[in-house]
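Some structural labels are only as good as the cut-offs behind them. Below, each label is set against its definition.

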Amino acid sequence: DAATGSPSSNHWTSSSGNGVLVQKACTNDGSLTGNSAIFGVTADSTRALTTVSLNATLARNVQFDAVTCPYPGTTTVDAQLEYSINNAAFVLVQKISITSSAARFALTIPALAQKDQVRFRIRQVSAFSGRNSQVWAVDNFLVASSERTKHLNESFDPENECNWVTHSDAVTQSFGRNADGDALVFKSTSSPSSIGRFATTIPVNLSATAPTNFTIFESNFDDSQAIGASSSVWASIRGGRITNTPTCKAYGDFQAFFSQSTYPNSRQITTKAFDLTQADMLTFWLVMGDGSKGCDPPEESDFAVVEYSTTVSNSFQVFYTAAYDGFASPKLVSVRLPTGARTSSTTLRWRQNKSPSANSDVWSLNNVVVNGSKSLSLVQGDNSNTTVLFWLLGVYHRRIDLARRPL
């Protein structure tokens with residue numbers, strides 16, 4: 001919603017020659033309000049918008065609204081979100097289809113993109129023919145970090161009585177010329193309290209704040225890493241091999257490609273046991289094909305499952321199924337690990353549902369990442385050395401020793 005023209009340099013790199021202008025939303029149905037980034041109203045040969053470099057170490061999602069504009073001949077537009085680290089080549093996050101019905105896209109940022117100096121780019125990949133052809137708009141672009149817990153949130157507009165046990169010699173009212181709404185104002189009353197002026201909150205849990213994210217393990221096979229004793233991730237593979245020349249390619253260079261006959265057993269790849277007690281998300285790239293012509297569309301009966309096994313269960317439990325109709329082209333999968341998989345010794349396995357003949361019903365797997373999250377202590381150390389800083393009206397602050405005067 002900045003000024004009309006080029007996108008703000010605070011958030012975006014130069015868009016000159018990339019077919020985008022900031023102007024009033026191109027729809028009249030109220031689906032987008034204010035200004036939007038409009039693609040296709042210039043005669044440029046490319047259509048893309050790139051963020052400035054960001055610190056995305058705690059980022060989890062990219063969210064934005066998108067819709068096609070009512071220009072003659074405009075139909076569905078194919079675009080994709082990409083990322084680049086330290087100005088390297090852009091890497092695909094996910095492909096999307098934009099229609100005349102405004103939609104909000106919330107795309108998971110892969111663990112490999114959760115770095116410093118990351119740029120995100122949204123780019124049109126479907127064909128267009130010059131100015132005012134296949135016009136579309138993007139608005140409300142957000143790169144969101146991990147959700148932060150609000151232990152207590154009070155603006156006094158109006159006062160939330162559920163936040164407070166009591167307060168003495170205080171009223172809620174406007175205060176000061178530069179006040180932002182009402183405040184809790186301490187002042188004399190007809191019967192002042194003998195113990196002074198104070199406000200007491202309800203009990204508040206200060207044991208944790210927002211989670212911090214970290215990678216438990218990842219494998220992109222680019223080092224053609226071995227399976228078994230010499231591998232840090234993979235325990236075994238059956239019916240497949242690590243190669244950079246698969247006939248059906250998931251994404252990237254080296255990957256696990258499954259095309260060998262394993263009858264009567266199924267094709268599969270299994271990790272070593274990991275401590276997943278703090279695990280959160282599993283992401284990976286997957287593609288499946290019939291195999292008769294390399295990576296042609298898979299058959300209806302084709303699907304693969306992801307399973308977990310623990311030292312407690314001693315058997316594999318399915319927690320994700322990749323259906324045939326969703327993986328005719330490479331797709332990034334992001335799935336939250338179930339509670340039962342979060343143990344100190346958990347094994348993950350990708351397995352095909354049947355035992356096909358050689359070079360039939362093939363599939364590829366790559367960029368496997370398991371992310372974890374843990375809470376950081378808000379109050380650390382012995383209480384005798386712990387202090388809390390209070391700011392009153394943005395001017396006065398007070399430091400309290402919790403050992404002498406507990407809250």
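The turns that follow ask why certain labels apply to this predicted model.

Q: What makes a local feature of this model eligible for description?
A: This is a predicted model, and local features need pLDDT of at least 70, side-chain atom pairs count only at pLDDT 80 or more, while totals for chains, interfaces and linings use all residues. Residues are numbered from 1 along each chain as its sequence is written, and side-chain values use heavy atoms, with hydrogens and water left out.

Q: Why is Q255 called buried?
A: Its relative accessible area is 0%. Buried means under 20%, exposed over 50% and partly exposed in between (1.4 Å probe, protein chains only), so Q255 counts as buried. Q255 is found in strand β17, residues 255-258; a strand is a DSSP run of E with at least two residues, numbered from the N terminus.

Q: What does Q255 touch, leaving out residues up to four places away in sequence?
A: Among its contacts (heavy atoms within 4.5 Å) are F221, R241, P246, K249 and L365. The side chain of Q255 also reaches the backbone oxygen of D253 at 3.1 Å. A polar contact is a pair of N or O atoms within 3.5 Å; within protein, one must be able to donate a hydrogen and the other to accept it, and residues adjacent in sequence count only if both atoms are side-chain atoms.

Q: Is T247 buried or exposed?
A: T247 has a relative accessible area of 52% and is therefore exposed. T247 lies in the loop between β16 (240-243) and β17. Leaving aside neighbours within four places in sequence, T247 is in contact with F257, G294 and C295. The C-alpha atoms of T247 and C295 are separated by 6.2 Å, although the two residues are 48 residues apart along the chain.

Q: Why are β15 and β21 called edge strands?
A: Five strands form an open antiparallel sheet in the order β15-β18-β23-β20-β21. β15 (234-238) and β21 (317-323) each have a single partner strand, so one side of each is left without a neighbour in the sheet. The twist averages 15° from one strand to the next.

Q: How do you know that β18 and β23 pair?
A: Three bridges join β18 (residues 268-271) to β23 (residues 346-352), and the two run antiparallel. Pairing needs at least two bridges found by DSSP, so the pair qualifies. Q268 stands opposite R351 in β23.

Q: What makes the phi of Q117 and of D361 worth noting?
A: Most residues other than glycine have a negative phi. Phi of Q117 is near 60°, a positive value, and D361 has a positive phi of about 55°. Q117 is in the loop between β7 (103-108) and β8 (118-124), and D361 is in the loop between β23 and β24 (362-375). At 37% relative accessible area, Q117 is partly exposed, whereas D361, at 5%, counts as buried.

Q: What makes a set of residues a nonpolar core?
A: The set must consist of buried Ala, Val, Leu, Ile, Met, Phe, Trp, Tyr and Cys residues joined through side-chain atoms within 4.5 Å. The largest such core has 34 residues, and F39, F64, F120 and W136 have the most contacts inside it. Apart from it lies another core, of 33 residues, among them F254, V333, V368 and V370.

How values were computed:
Helix = DSSP H or I, 4+ residues; strand = E, 2+ residues; numbered from the N terminus. Axes fitted to C-alpha atoms, helices over the stretch in contact; angles between N-to-C directions.
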